[in-house]
Amino acid sequence: MHIPKKYLNRHLLLVGMAACWLGIAQSQGQQIPLKHGAHRSGPRTDAAMQTWRGYGLGQFIHWGVYAMLEGAYQGKNYAGAAEWIRAWKEVPNAVYDSLYTRFNPSAFNARAWAAMAKQMGVRYLTFTTKHHDGFCLWPSAFTNYTIANTPFKRDIVKEVVDAYTQAGIDVYLYFSVLDWNHPGWRYQLKNSNDSIAFNTFKQFTWNQLTELATRYPSIKGFWFDGTWDESWKKSGPFTDSLEQHLKSLIPGLVIGSRLRADELGNRHKDANGNLMGDYEQGWERKIPDSRTAVGNNDWECVMTIPENGWGYAKKWMGHWKTPVELLEMTAKCVSLGGNFVINFGPMANGAFRPEEEETAATIGRWMKQNHQAIYNSSWASGWAKQDWGYITQPRQPNKINLIVFNVPVAKTLLVKPPKGTTIVKATLMVANKTALTIKPVDYGEVQIILPAKWNAAEPFVIELQTEFNQKQNNAEGPKANT
Ligand code: FHN
C-alpha cells in the first residue's frame with residue numbers, strides 16, 4: 001500500500017500565501033475557497049449518524065502498558081494523567097519501553113467488560129488501540145511494539161470488538177496519531193530531513209489505520225487523538241485523503257473533528273468556520289453551557305471520573321465524581337443535543353477497580369428505569385431551561401422528558417413550553433407512574449405539581465405529553481413593559 005506523494009509533501013509557500021489571502025477575504029466577509037476544508041455543510045443525515053446521535057451514553061476505555069506503573073514510579077506519585085507517565089522525567093524511557101515484555105493481564109475478560117457496560121446502559125464504546133506511547137493492543141504488522149510480543153499475545157482489540165458487538169454495543173477505535181515510539185514522528189517539520197522522516201510516519205499511520213479498518217470491519221468509527229502538533233496541522237491534504245480512504249473501507253464510518261486539518265492548518269473547524277468531521281470533538285472534560293456554544297453541530301463530551309487521568313492510577317487525585325454527578329452531566333449533555341462518554345481505566349491485570357464497577361452498577365440501575373429520557377433524545381427546542389434539572393426531547397414529536405435533580409421545596413416544577421404547545425399529561429415515571437397535576441399560570445408558564453409527600457432519593461423523570469396548536473403559535477405573545 002502506498003500513499004501518493006502529493007499527500008505527503010507540504011508546500012509552505014502556498015500555505016503562507018493562502019494565510020495572507022485568508023486575512024483579506026475574512027475581513028471582507030467572503031468564503032475562502034478550500035480544497036481540504038469541510039466537505040458538507042450541516043450535520044450528516046444518514047442512518048449511521050442517526051444511530052450515533054441517539055446513543056446518549058457511552059463508555060471510554062483507556063488501557064495500555066501505562067497501567068502497569070499505576071500512576072507512580074519508585075514510590076512517587078505522578079501528578080499528571082497516568083497514561084502520560086512516560087513523559088515524566090522520573091521514568092527512564094528504557095524502563096517504560098520494556099514494560100510490555102511483562103504485560104500479562106491474566107484477569108482480562110472482554111465478555112465481562114461488555115457485560116458490565118451493558119448493565120450500565122452504555123450504547124457505545126471507544127477503546128484505545130494505541131495511545132501516545134505507541135504500544136498497540138492489536139498485533140500490528142507495522143511495528144514490533146505490540147501485544148503479539150508480550151507474554152499475553154492475544155489480540156485484545158479483537159476480543160473487545162467482538163464481545164461488545166455481540167452485547168449490542170457499538171465500538172469505536174481510539175487511535176493516537178502522536179506516537180512516541182515511531183522514529184519518524186516529529187512535532188515540527190524544521191527541515192527536509194524532518195519532512196522525509198515524517199513522510200515515513202504518515203505512511204505508517206495510513207498502514208496501521210487501514211489494518212485496523214480491515215481487521216475489525218464491524219467498528220462504527222475511529223476516535224482520533226494526538227493531532228495537535230504543527231507537523232500534523234501542516235498535513236491537511238493528507239489528513240483529508242486519509243479520512244476519505246477510511247470511509248471508503250467501512251460505509252457509514254463516523255469520525256469526529258480531531259483527525260483533520262484544512263490546507264491552512266486549521267483544526268476542528270476550517271477557515272470558513274465549518275466543522276471538519278461528523279461531530280465536534282473538542283468537549284473533553286468540559287460541557288457546553290448552552291446550545292449556542294455548539295451551534296447546529298453534533299457533539300460529544302468525554303469525561304474522567306477523577307479530576308484528570310484516563311489510564312489506571314492507584315491513587316485517584318482530586319474529586320471523584322459520584323454516579324449522580326455523572327448522571328447529571330449525562331442529562332445536561334443530552335439536553336444540549338450531545339452524547340456523554342464516561343472513561344474507565346482498567347488495572348494492569350485487566351480487571352476494573354471496584355470504584356469503577358460500583359459507579360457502572362449505580363448508573364446502570366438508574367438507566368434501567370429512566371433511559372427513555374437519555375436514549376434517542378436531544379435538545380428540546382423552545383423549552384426554557386429550568387433550575388430543577390434538564391429537559392430532553394425524544395424522537396416522538398408529542399413527548400418531552402423532564403429529568404429532575406433538584407426538587408423545589410414547594411414540590412412544584414415550573415416549565416415554559418414553546419408558544420403553541422400545550423401540556424396535556426404529566427406522568428411521574430417511577431413505580432406506579434402517577435399522573436401529576438398540571439396548572440397553567442401566566443405568560444405561558446405551567447406548574448407541574450408533585451405529590452405532597454414526594455421524597456426523591458435520586459433523580460427522576462417526568463414524561464409530558466404535549467399538543468401543538470398552530471393558531472396559538474401565531475398569536476401574539478406578551479410584550480415586555482420597557
Ligand atoms: O492526551 C490525551 C489524554 O491522555 C486522553 O487520551 C484524552 C482523552 O480524550 N485525550 C488526550 C488529550 O486531549
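Me: Which residue in strand 17 does Thr412 stand opposite?
Reply: This is a predicted model, in which local features need pLDDT of at least 70 and side-chain atom pairs count only at pLDDT 80 or more, while totals for chains, interfaces and linings use all residues. Residues are numbered from 1 along each chain as its sequence is written, and side-chain values use heavy atoms, with hydrogens and water left out. Strands are DSSP runs of E with at least two residues, helices are runs of H or I with at least four, and both are numbered from the N terminus. Across from Thr412, in strand 17, stands Ile449.

Me: How many bridges join strand 14 to strand 17?
Reply: Two strands are said to pair if DSSP finds at least two bridges between them. Strand 17 covers residues 446-449 and runs antiparallel to strand 14. The number of bridges that join these strands is 4.

Me: Why is one side of strand 14 and of strand 16 left without a neighbour in the sheet?
Reply: The open sheet here is formed by 3 strands in the order 14-17-16, and the pairing is antiparallel. Strand 14 (412-415) and strand 16 (437-440) stand at its edges, so one side of each is left without a neighbour, and what each of them has is a single partner strand.

Me: What is the average twist from one strand to the next in the sheet 14-17-16?
Reply: To find such an angle, an axis is fitted as a line to C-alpha atoms (for helices, over the stretch in contact), and angles between N-to-C directions run from 0 to 180 degrees. In the sheet with the order 14-17-16, the twist from one strand to the next averages 25 degrees.

Me: Which strands stand at the edges of the open sheet of 5 strands?
Reply: This sheet has the order 11-12-13-18-15, with antiparallel pairing. An edge strand has a single partner strand, so one side of it is left without a neighbour in the sheet, and this holds for strand 11 (377-379) and strand 15 (421-428). On average, neighbouring strands of this sheet are turned by 35 degrees against each other, direction ignored. The strands at the edges are therefore strand 11 and strand 15.

Me: Which residue in strand 18 is the bridge partner of Ile400?
Reply: Strand 18 (residues 460-468) is joined to strand 15 by 7 bridges, and these two run antiparallel, with Thr427 standing opposite Glu463. Strand 18 also pairs with strand 13 (residues 399-404) in the antiparallel sense, over 6 bridges. In strand 18, the partner of Ile400 is Leu464.

Me: How many residues lie between strand 12 and strand 13 in their hairpin?
Reply: Strand 12 (residues 389-394) is mostly covered, with 6 of its 6 residues buried, where buried means under 20% relative accessible area, exposed means over 50%, and partly exposed is in between (1.4 Å probe, protein chains only). Strand 12 and strand 13 run antiparallel and are joined by 4 bridges, and Ile391 stands opposite Leu402 in strand 13. The number of residues between the two strands of this hairpin is 4.

Me: Is Ile196 buried or exposed?
Reply: Ile196 is found in helix 7 (residues 192-215). Because its relative accessibility is 54%, Ile196 counts as exposed.

Me: Which residue offers its backbone nitrogen to the reach of the Thr239 side chain at 3.2 Å?
Reply: Thr239 lies in helix 9 (residues 236-249), and with a relative accessible area of 0% it is buried. A polar contact is a pair of N or O atoms within 3.5 Å; within protein, one must be able to donate a hydrogen and the other to accept it, and residues adjacent in sequence count only if both atoms are side-chain atoms. A polar atom of the Thr239 side chain lies 2.7 Å from the backbone oxygen of Gly236. The residue whose backbone nitrogen the side chain reaches at 3.2 Å is Ala261.

Me: What percentage of the area that the ligand exposes when taken alone is buried by the protein?
Reply: Among the side chains with polar atoms facing an oxygen atom of the ligand, that of His62 is 2.7 Å away, that of Trp84 2.8 Å and that of Arg258 3.2 Å. Taken alone, the ligand exposes 330 Å², an accessible area from the Shrake-Rupley method with a 1.4 Å probe (for residues, only the protein chains shown count as cover). The part of it that the protein buries is 91%.
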